[in-house]
Amino acid sequence: MENFQVIVEKTLDRFRSPAPSLPKMDLGVRGDGKNPLMIQFFEWDSRGTEDRSWWQRFELETPRLTEMGFTQAWLPPPNKAMVNDGRGYDAYDLWDLGEFTQKEGKATRWGTKDQLLKASVVAKEHGIGLVIDAVLNHKLGADRTETFTAAQVDPKNRNAHIGPVKEIEGWTAFDFPGRGEKYSKLKWRKDHFTGVDLDQRTGIKGIFRIGGKKWSKRVDMELGNYDFLLGIDIDHRHPDVRKDLMSWGPWVLNTIGANGFRLDAIKHMDRKFLLQFVRNARAQGHPNLFSVAEHWSADYRKLKPYIRALRGEVSFFDVPLHYNFHQASLAGSTYDLRRILDNTVVQNRPGDAVTFVDNHDTQVGQSLESWVNNSFKIQAYAMILLRANGYPCVFYGDLFPCTFYDPDIARDLKQLIHCRRDFAHGKEIDYIARSPHRDCVGFARTGIALRKGCVVLISNAKPM
């Protein structure tokens, strides 16, 4: 029955062209003629200091962010991680925002719940909307193991077994001893998951599909089926799971005072669940919810099934555009700038595109390392900050001191941010694709009443 439903959905999806998502979303803009702008307020190695947590640092910087022209801030996952120093992508307890003593401490890597809520109040006072990084694909750091049957699958083809169905021991029991039953009574067990990455009994690491479970068919088909990413894979079709996560969405928005979600790793999650998760949050008092999905693929064609299936309820990070920027930064003057927008979300679905240059996953040393080199960094930012289409997101690591901070890049980026605030207004006249020169392209903004326009030239030519 499930196979038939999936076939019907895929057939219908081919004919759907959903309305653009961004026009109906709250991007934090308050005031006519103001351009929306988001900042990712962390990088992979971000952390607080002995005298100031990360949430307190964000609170301190909020007035300056407002003055620069930012309207939203994407914050790191606020939930308790599997280890005290975890970033939150190793999600242990979504309902613990740094309130309970679990995993060797009360605070998360980013601080306590009280510090987060205080920072949220300051952000609201300064007109900054908050975007919560929602890690809904998997869990890590279980409190106990359970015994159950499972079959090991081929990591290169998740539909093929490479071993018999047998009894294993997996880390699937989540008791949340520090939180108890406050906010949520659900204690996660093996039935709430589809797969694990370790047989504790034998010490064998791999991908084990739990007996009686099937991978969702509404996921990316890379590696045969990309339902499983890492850790303990959540079964989004289980009624207990759905009830708990549907309750968590509105709760965390209301608790923090946020106006949006960044949906982590959606290529590994059931598309039907994702659509219902967002629609449920909208129906529970957040009709203009901002939501942006991370589907990590350089190929725009692989994003299209998700764009259709999510029906204009979710925007998408323009990963293909990021990779165009990355390739341009490697190729130097040989890269044809007239092709910089080819096969991107902003070219094909501008009303769904959240554009960015780099993020915490692309920085040097990460598994998705694809850093846009400094030789093309400012050109890339000019392309996303000054054009009319797309909703741009600035990376913390390009603007604030960190391990790879470049003061020259930060200085020039601040100037572009100010230009977006003061001059990037009005109709756009595009000369990118029709430029006679491969190493020099441009566009113009005509301005609006009380807001000036600009003319932008972008070049990757070798210095004379």
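The following dialogue explains how to read several features of this structure, which is a predicted model.

Me: Let us begin with strand β17. How many of the residues of strand β17 are buried?

Reply: A residue is called buried when its relative accessible area is under 20%. In strand β17, which spans residues 391-395, 5 of the 5 residues are buried, so the strand is largely enclosed by the rest of the structure.

Me: Which way do the residues of β17 point?

Reply: In a regular strand the side chains alternate between the two faces of the sheet. Here Tyr 391, Cys 393 and Phe 395 point one way, while Pro 392 and Val 394 point the other way, and all are buried.

Me: Which strands are joined to β17 by bridges?

Reply: Strand β1 (residues 38-40) runs parallel to β17 and is joined to it by 3 bridges; within this pairing, Ile 39 stands opposite Val 394. Strand β16 (residues 353-356) is also parallel to β17, with 3 bridges between them, and Phe 356 of β16 has Cys 393 as its bridge partner in β17. Between β16 and β17 the chain passes through helix α9 (residues 374-385), and this β-α-β crossover is right-handed.

Me: How should an antiparallel pairing be read, and which strands pair with β7 in the antiparallel sense?

Reply: It is useful to take each partner of the strand in turn. Strand β7 (residues 144-154) pairs with strand β9 (residues 166-173) in the antiparallel sense over 6 bridges, and Ala 150 has Lys 166 as its bridge partner in β9. The antiparallel pairing of β7 with β11 has 4 bridges, with Val 153 and Ile 207 as bridge partners. β7 also pairs with strand β8 (residues 157-161), again in the antiparallel sense, over 2 bridges. There Val 153 stands opposite His 161, and a hairpin of 2 residues joins β7 to β8.

Me: I now turn to helices. Where do the buried residues of α11 lie around the axis?

Reply: An α-helix has 3.6 residues a turn, so residues three or four places apart point the same way. In helix α11 the buried residues are Ile 409, Ala 410, Leu 413, Leu 416, Ile 417 and Arg 420. They cover an arc of only 125° around the axis, which puts them on the same side of α11. Their cover includes α2 (54-68), α9, β17 and α10 (396-399).

Me: What is the span of helix α11, and what is found at its start?

Reply: Helix α11 (residues 407-422) has 16 residues and reaches 23 Å from its first C-alpha to its last, close to the 22 Å expected at 1.5 Å a residue. At its start, a side-chain oxygen of Asp 406 comes to within 2.9 Å of the backbone nitrogen of Asp 408.

Me: How does one read the surroundings of a single residue, and is Asp 93 buried or exposed?

Reply: One may consider the accessibility, then the contacts. Asp 93, in strand β4 (residues 91-93), counts as buried because its relative accessibility is 1%. Its side chain reaches the backbone nitrogen of Trp 95 at 3.0 Å. Beyond four places in sequence, the contacts of Asp 93 include Lys 80, Lys 139 and Arg 179.

Me: Where is Asp 227 found, and what does its side chain reach?

Reply: Asp 227 is in the loop between β11 (204-210) and β12 (232-234). With 4% relative accessibility, Asp 227 counts as buried. Its side chain reaches the backbone nitrogen of Ser 216 at 2.8 Å. Among the residues that Asp 227 touches, leaving out those up to four places away in sequence, are Asn 137, Trp 215 and His 268.

Me: Is Arg 282 buried or exposed?

Reply: Arg 282, which lies in helix α5 (residues 271-283), is buried, with a relative accessible area of 10%. Its contacts beyond four places in sequence include Lys 24, Met 25 and Glu 313.

Me: Finally, which residues other than glycine have a positive phi?

Reply: Asn 343 is one of them, with a positive phi of about 60°. Asn 343 lies in the loop between α7 (319-331) and α8 (345-348), and at 53% relative accessibility it counts as exposed. Leu 450 also has a positive phi, near 70°. Leu 450 is in the loop between β19 (440-445) and β20 (454-459), and its relative accessibility of 90% makes it count as exposed.

Terms used. Residues are numbered from 1 along each chain as its sequence is written. This is a predicted model: local features need pLDDT of at least 70, side-chain atom pairs count only at pLDDT 80 or more; totals for chains, interfaces and linings use all residues. Side-chain values use heavy atoms; hydrogens and water are left out. Buried means under 20% relative accessible area, exposed over 50%, partly exposed in between (1.4 Å probe, protein chains only). Two strands pair if DSSP finds at least two bridges between them. A crossover is right-handed if, with the strands pointing away from the viewer, the path from the first strand over the helix to the second runs clockwise. A polar contact is a pair of N or O atoms within 3.5 Å; within protein, one must be able to donate a hydrogen and the other to accept it, and residues adjacent in sequence count only if both atoms are side-chain atoms. Contact means heavy atoms within 4.5 Å. The expected span of a helix is 1.5 Å times one less than its number of residues. The arc is that of the directions from the helix axis to the C-beta atoms.
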